[in-house]
Amino acid sequence: MRYCRLFFILLAVWTLFSCGRDKGDSALEYWSSNNIGEITFSQQIVDQWNLSQDGLELKYQPIPEGQSSEEIILAAVVGKTTPDIYSNMWQGSVEFYAKSNVLVPLDTLDGFMEFIRDRCDSLTIREITSSDGHIYQVPWKINPFMTIYNRDYMDGLELDSLPQTYSSYLNAAEKFKKDLSGDGYVDQWFGNTSVKLVWYQRLFNFYTLYIAASDGLPLIKDNRAYFNNEYAIEVFRFLQEIYKQNYFSKEQQAAGQDPFLGGRIATKFTGPWEIEYLERYKPEEFNYDFYPVIVPDDHEGPIYTYCDPKSVVIFSTSSDPQQAFEFIKTMVDEAGDLLFIQMTKQLPRRQGLDTLNAYTSFFDENPRLRVFAEQAKYVRGIENCEVITEVFDVITQEYEACVLYNMKEPEEAIADAEKAVNVILGSNK
Amino acid sequence: MLSYFLVSPYLVHLLLFISFPVIFSVVLTFHKWNIISEMQFVGVDNYIRIFHDRLFWKALLNTVTFLLIHIPLQILIALLLAYFLDQKIFLKGFFRATFFMPVVISGVVVTMVWQQLYGLDSGLINKLLVGIGLGKVPWLTDKNVAMISIAIMATWKNVGLYVILFLVGLQSVPRRYYEAADVEGANQWQKFRFITLPAINPTIFMVTILSTIGGFNLFIEPYIMTGGGPLNSTLSAMLYIYKHAFEYYHMGYSATLGIFFAFIIMMVVVVQKYTIEKDD
């Protein structure tokens, strides 16, 4: 009986510890996002690679299903089932994994620095350099934010020019807002942006406008809050005025008709993904276009924007990081990037996107995307900060109090946010 | 040997999915850990931090506020509906099924539907209110109203279960008590107050305990509907623990919050047992 008991205990233990992945000693593995276009692109690029190489075979799969890709990657890291290569990692997440030694420092690989200087300008290289001086990511793709507008509505306002500045935007909004049903409540607003109190929603309103106003200043510098400045204050003031005057609705957009397509709003801040969506669902007579995001009245020079950057990384569990990097180089060379744009309508993050001959004919055929390619010269990503989520959460709290509920002046809200962020950064050393 | 074999699946489940996580959580409360790096021993720092964490106490207060609205509302409505179902009415089975249906629908689905209903500008409830000449109500955008809105929604979702429990309780009251009361000339209210209520006291106690435990787990509604706003007025303790664990990756501190919160729930249930439960 004792031996039987022992047998069952050993059986149970063996069952538990035999769970694991065996991808084989002779293969690298690459995960992409599960966007249809990226799946098609990745499969093609991997097939091309395998045909041209005699070395390690490259296996490909889309990232396993989950609530979010960040969640799946985290689970893979914890379970030590990470692939060799992963594209679609948000730039803001890289530092968190880098600090935990989960990623390969790419600048230690042969040929990397030459490659990255060819692909990216010095500002981008500085942006992606981690606090320890290493680079853990290859900038891959961007979706620059711009202002989309309904051309017919805008023409109807008879403005001298597109409302590019805070005061011209507010004036246009005042003209446009209407109570169509006559019930005493506004039901046509000039625009909208998410009021959801989730940290990443601030990337698409406050942070985008902050980058535009400040020409790309960082939120954090030398591990201290850097955003207590006139630009952040003016952005808060601008957005506060918008909600005070009911130019944007405070309703959280949930399931329901798209307010832009439905004609309830005239503008919004969005990215190039909007083009495919609108072309599929818009009515025949619906006309739209894009222009840069709104800036303070005294702004001069080019208008920067947030680009929601995604990067390619190599995990430290990789059996051959150098070979993995050789594949990445193939994936993001001129031909690879052209194939990527053609298949996904997303922009690669590389220098000269709007001027390289290789892409000219593509943008001639897709003029709406050319606008974003021109904007791609003036984009910013996000800081390398391990606690960037908490930083944006703090900003969200102050955003809600000041912008949405008018309970604080912008100066006080930004100052309070600065204090709280410095506490978080200080405790994270 | 056979008995061990038959019990082993549950034993393995108990050890793997209940005992181990609880023990590991307690161990975690003495560490700082972001799930992918090495755990760092910090002694009782996490426990000390709780007492300086104003947002946690705000979240706890919000949860208690929710319970103070939700539990009486739930008990009252469930009891009334059960009393109504205990009468001789047409289509009793249909009403019973209808009241129970929200219980079996996914909480996420229900929350998303109610989020639409509560919409400030396009929500159906406000459209009806404006249509009859009343003003819009900021159901989810006013800090004094948002938690009440969530409590109403949660009551609608869960009341069906307690209607069934109360119905069973009501049907177990011996009819002869009511007949005797009729002979004595008691009216409906007197019968309800002096016969029905005392007889179903164990059911009331059970419903209160279940509602309390369920209410302390308030998470889906604020997570989907409000994100904890406006101005942290709907930030529940569970949502706060979730944010620390799965947004900030403060696994040690979130484990500490969880253990502390479990202790509070236990205390509340013990107090309820001694104050609500009466001897038959």
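# Two chains, their contacts and their cores

In this predicted model, 24 residues of chain B are in contact with 27 residues of chain A. Two residues are in contact if their C-beta atoms, placed from the backbone, lie within 7 Å. On the side of chain B that touches chain A, α1 (2-28) and α5 (107-117) of chain B each supply at least two residues. That side of chain B divides into eleven nonpolar, ten polar and three charged residues. Here Ala, Val, Leu, Ile, Met, Phe, Trp, Tyr, Cys and Pro count as nonpolar, Asp, Glu, Lys and Arg as charged, and the others, Gly among them, as polar. Helices (H or I, at least four residues) and strands (E, at least two) are DSSP runs, numbered from the N terminus.

Residues are numbered from 1 along each chain as its sequence is written, while chains are lettered from A and ligands numbered from 1 in the order in which they are written. Local features need pLDDT of at least 70, side-chain atom pairs count only at pLDDT 80 or more, and totals for chains, interfaces and linings use all residues.

## Chain A as a whole

Chain A holds 17 helices and 14 strands. Its C-alpha atoms fill a box of roughly 80 × 55 × 45 Å, taken along the principal axes. A compact globule of 429 residues would have a radius of gyration near 22 Å; chain A has 24 Å, which agrees. The radius is taken over C-alpha atoms, and the globule rule is 2.2 Å times the number of residues to the power 0.38.

How much of chain A is buried? Buried residues make up 43% of its 429 residues. A residue is buried if 20 or more other C-beta atoms lie within 10 Å of its own, exposed if 12 or fewer, and partly exposed in between; C-beta atoms are placed from the backbone. Take the contacts in chain A with a separation of 6 or more: residues 24 or more positions apart account for 75% of them.

Strand β1 (residues 27-32) of chain A gives a local example. Five of its six residues are buried, so β1 is largely enclosed by the rest of the structure. Six bridges join β1(A) to strand β2 (residues 57-62) of chain A, and the two run parallel. Two strands pair if DSSP finds at least two bridges between them. S32(A) has P62(A) in β2(A) as its bridge partner.

## Two domains in chain A

The domain assignment splits chain A into domain 1 (24-144 + 307-380) and domain 2 (146-305 + 387-427). Such bounds come from an automatic or database domain assignment. The C-alpha centres of the two domains lie 29 Å apart. Across the boundary, 16 residues of domain 1 of chain A are in contact with 15 residues of domain 2 of chain A. On the domain 1 side, α15 (367-375) and β14 (379-380) of chain A each supply at least two residues. The largest share of that side, five residues, comes from α15(A). By type, the domain 1 side divides into eight nonpolar, four polar and four charged residues.

## The nonpolar cores

In soluble globular proteins, nonpolar side chains tend to be buried together. A nonpolar core is a set of buried Ala, Val, Leu, Ile, Met, Phe, Trp, Tyr and Cys residues joined through C-beta atoms within 7 Å. The largest one has 114 residues, and L103(A), Y210(A) and V235(A) have the most contacts inside it. Helix α16 (residues 388-404) of chain A gives this core its largest share, ten residues. Where does the core lie relative to domain 1 and domain 2 of chain A? Both domains give residues to this core, so it lies between them. Leaving out residues up to four places away in sequence, Y210(A) touches F227(A), Y231(A), A232(A) and V235(A). A second, separate core of 26 residues includes F56(B), Y118(B), L140(B) and L235(B).

## Backbone details

Most residues other than glycine have a negative phi, and most peptide bonds are trans. Two residues in chain A have a positive phi without being glycine.

| Residue | Phi | Loop in chain A | C-beta atoms within 10 Å |
|---|---|---|---|
| N101(A) | near 60° | between α4 (91-99) and α5 (112-119) | 12 others, exposed |
| D308(A) | near 45° | between β11 (305-306) and β12 (310-314) | 23 others, buried |

Chain B has a cis peptide bond, which joins G229(B) and P230(B) with omega about -5°. P230(B) sits in the loop between α11 (220-226) and α12 (237-246) of chain B.
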